[in-house]
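The exercises below ask you to read a structure residue by residue, and each task is followed by a solution that goes step by step.

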Amino acid sequence: MHLHYRAWKKALADHGAKLDFTWDLFISHAGRGTEQFIELMNLHHGEKLSPMQVARTQDAILAEIHHTVEAVPEVLKFARQLALDGKKIAVASGGTRDAVNRTLHYIGAGKLFEVVVTIDDVLHGKPAPDTFLVAAQRLGVKPKECVVLGDSVLDIEGAKAAGMAWVKLEPK
């Protein structure tokens, strides 16, 4: 989360954003697709930013620093144990496919998840349930059989809308 925040803060500044981009503001939108996020910043904060240009800049900045990403050890250990136990596990992210794949690679989890669903796979990003429903469908399980480990309010809203159980993880 901290790498994404740094990348967003720099990308917004590079594009002349005037809003005070605080950690709390970032966290309140965590899990949202990049272009959707910029559209909301424009709407609610009086910005006139190009969603596509800012998203590209943010992704480029993230790519430069992505090698420093660190897994949440307890979450990675839990995911590995679930995989060893033969459980079906997926990533359902509001990030782009490239960014998610980079994260998984850098934390040593590139082959851990049977299914990876990103904002590139759905029409509506979080808090809509689409990301989670596509993940369940690709896993071949019913939504009510799923548990979402989410680190954002939007994750939890999306999980509820999908009819899935959830556990809220607090980003550090």
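**Exercise 1.** In which helix is the place of D155? Work out as well whether D155 is buried or exposed, and which residues D155 touches.

*Solution.* Before starting, note that this is a predicted model, in which local features need pLDDT of at least 70 and side-chain atom pairs count only at pLDDT 80 or more, while totals for chains, interfaces and linings use all residues. Residues are numbered from 1 along each chain as its sequence is written, and side-chain values use heavy atoms, with hydrogens and water left out.

Step 1: D155 has its place in helix α8, residues 153-162, where helices (H or I, at least four residues) and strands (E, at least two) are DSSP runs numbered from the N terminus.

Step 2: D155 has a relative accessible area of 5%, and it therefore counts as buried, a term that means under 20% relative accessible area, with exposed meaning over 50% and partly exposed in between (1.4 Å probe, protein chains only).

Step 3: leaving aside residues up to four places away in sequence, D155 touches K126, F132 and G150, contact being heavy atoms within 4.5 Å. In addition, a polar atom of the D155 side chain lies 3.0 Å from the backbone nitrogen of D151.

**Exercise 2.** Which residues of α8 are buried, and what covers them?

*Solution.* Step 1: the buried residues in α8 are L154, D155, I156, G158, A159 and A162.

Step 2: their cover includes α2, α7 (130-139), β3 (147-150) and β4 (165-168).

Step 3: look just beyond the helix, where α8 is followed by G163, a residue whose phi is positive, near 80 degrees.

**Exercise 3.** Treat α6 in the same manner: against what do the buried residues of α6 pack?

*Solution.* Step 1: A99, V100, R102, T103 and L104 are the buried residues of α6.

Step 2: these buried residues pack against α4, β1 (90-92) and β2 (115-117).

Step 3: α6 is followed by G108, with a positive phi near 75 degrees.

**Exercise 4.** L43 and N42 are both to be placed and classified: is L43 buried or exposed, and is N42 buried or exposed?

*Solution.* Step 1: L43 is found in helix α3, and N42 also has its place in helix α3.

Step 2: L43, with a relative accessible area of 64%, is exposed, whereas N42, with 18%, is buried.

Step 3: N42 touches E47, K48, L49 and P51, not counting residues up to four places away in sequence.

Step 4: for distances, the C-alpha atoms of L43 and D24 are separated by 18 Å, the two residues being 19 apart along the chain, and those of N42 and L154 are separated by 19 Å, with their positions 112 residues apart along the chain.

**Exercise 5.** How many residues has the largest nonpolar core, and which element gives the most to this core?

*Solution.* Step 1: the largest nonpolar core, a set of buried Ala, Val, Leu, Ile, Met, Phe, Trp, Tyr and Cys residues joined through side-chain atoms within 4.5 Å, has 34 residues, and W8, L12, F21 and F113 have the most contacts inside it.

Step 2: two or more residues come from each of α1 (2-14), α2 (23-29), α3, α4, α5 (73-84) and α6 (97-106), and α1 gives the most, with 6 residues.

Step 3: W8 touches F21, F26, T34, F37, I38, V54 and Q58, again without residues up to four places away in sequence.

Step 4: a second, separate core of 14 residues includes V117, V122, V134 and V148.

Notes:
A polar contact is a pair of N or O atoms within 3.5 Å; within protein, one must be able to donate a hydrogen and the other to accept it, and residues adjacent in sequence count only if both atoms are side-chain atoms.
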